[in-house]
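Here are my notes after a pass through this one. I've kept them as numbered points so you can check each against the coordinates.

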Amino acid sequence: MKDYFKQIIIKNRVVNELFVNLLRYKNKASIFEIYRRSKLPLLDFKEISKPLKIYPIERIIDNNYYGLSFWLKKYINREENIDFYIEHGLFLGSLVKRDEIIWDSKGIITFSKNRELYIKEKCNKEVIKIGPYIHYADDFLTVDEFNEIKDKLGKILLVIPSHSIKGVNVSFDLNNFKSKIDEIKSDFDTVVVCLYWMDALNIEYVKYYSDLGYRIVSAGNINDFYFLSRLKSIIKISDFVISNNVGTQIGYVTYLGKPQMIFNQEVNFQVFDEREFKQRDYRDYKSMVKEKNEIYRCFNCFSMEITEIQKDCINFYFGLDQIKTGDQLKSLLI
């Protein structure tokens, strides 16, 4: 029943607008909470990660996640709706979500030429490639705030663990990951763990990392306009980044000029919503695994240098060569 009503909203622009206006009315307190959180210190992860109901500034609901439309509209100095579906992160392989195909929109915004090819196979919508979305967000920290944190924490090893999503809890061998962190942390003054908001609310996770003496940060709730902005500053204060899974952060880290490695670790999924795992057919799954392994191979060892192979890899999947100026982006969207 939930999917039935969702399809009505997606396909009918008038119903979509009515639904968005209803959400704005019901969740109007969220807009004040978002701006309250925007004044909190970057290290105040507990307040930043609290649940937050969506206050949509865009008709296409998914465009509101992570502050994507908020920052793109600010970048081009435009108040009107963006009439394109924004893929909200890295999609590996040939999967193109049904929602983005059937949503009543002019087209789809994505990262790269590689991703455009997959989308064009599944639909005839216009595709706009804009590179890493984090480029379009402002820094969360001022220069003085940035310097204050660096003075306090020194040389930072940033850890970005694989994270849970709606309907799926993620787990992995924490001690095994810790062992890999231990191998390289002696070169750094502070280990900072960036937890996705759902995991930042997990008391056991927080206690585990805190007991190790790690500092914890979070970019905030999925419905927080300042998510991308915080993530940008979190990455920029780091000196090296280690992850244990391929995700959107991989492209953002290299784009922002930080060396990184991916520790190839088994990640387990406890599924509460089967829809998250029923989207891919065999080809989608096979192509996803192939591309994930290609990225792993480029980032499988510790090095303080970003190699040309790594840059080429990130350009292929994240479209570093597709970044647009304000005027270019405005002309494509209007």
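1. Keep in mind that this is a predicted model. I'd start with R283 and E121, whose side chains form a salt bridge with an N to O distance of 3.1 Å. The pair ties together distant parts of the chain: R283 belongs to helix α14 and E121 to helix α7, 162 residues apart. R283 is partly exposed, at 41% relative accessible area, and E121 is partly exposed too, at 49%.

2. Helix α7 (residues 113-122) also carries R115, which pairs with E87 in the loop between β1 (84-86) and α6, 28 residues apart. The N to O distance for this salt bridge is 2.9 Å. Here both R115 and E87 are buried.

3. Another long-range pair to look at is D104 with R13, a salt bridge at 3.1 Å, N to O. D104 sits in the loop between α6 (98-102) and β2 (107-110), while R13 is in helix α2 (residues 13-26), and 91 residues separate them. D104 has a relative accessible area of 25% and counts as partly exposed; R13, at 31%, is partly exposed as well. Over the whole structure a search turns up 24 salt bridges, and E33, R36, R37, E47 and K50 are linked by them in a network.

4. Now for a charge without a partner. K324 is buried but makes no salt bridge, and D321, the nearest side chain of opposite charge, is 7.6 Å away. What does the side chain of K324 reach at 2.7 Å? The backbone oxygen of Q322. K324 lies in the loop between α15 (308-318) and α16 (326-333). Beyond its neighbours within four places in sequence, K324 has contacts that include Y75, K129, H135 and Y136.

5. On the sheet: five strands are arranged in the order β7-β6-β4-β8-β9, open and with parallel pairing. β7 (215-217) and β9 (260-262) are at the edges with a single partner strand each, so each has one side without a neighbour in the sheet. Neighbouring strands are turned by 25° against each other on average, ignoring direction. Between β4 (residues 156-160) and β6 (residues 190-194), which run parallel, there are 4 bridges, and I156 is placed opposite T190 in β6.

6. Last, helix α13 (residues 248-255): 6 of its 8 residues are buried, so the rest of the structure largely encloses this helix. Among the buried ones are I250, Y252 and V253. The buried residues of α13 pack against elements including β4, β8 (240-243), β9 and α14 (282-298). After α13 comes G257, with a positive phi near 80°.

Key. Residues are numbered from 1 along each chain as its sequence is written. This is a predicted model: local features need pLDDT of at least 70, side-chain atom pairs count only at pLDDT 80 or more; totals for chains, interfaces and linings use all residues. Side-chain values use heavy atoms; hydrogens and water are left out. Helices (H or I, at least four residues) and strands (E, at least two) are DSSP runs, numbered from the N terminus. Buried means under 20% relative accessible area, exposed over 50%, partly exposed in between (1.4 Å probe, protein chains only). Lys and Arg count as positive and Asp and Glu as negative; His and the chain ends are not counted. A salt bridge is a side-chain nitrogen of Lys or Arg within 4 Å of a carboxyl oxygen of Asp or Glu. A polar contact is a pair of N or O atoms within 3.5 Å; within protein, one must be able to donate a hydrogen and the other to accept it, and residues adjacent in sequence count only if both atoms are side-chain atoms. Contact means heavy atoms within 4.5 Å. Two strands pair if DSSP finds at least two bridges between them. Axes are lines fitted to C-alpha atoms, for helices over the stretch in contact, and angles run from 0 to 180 degrees between N-to-C directions.
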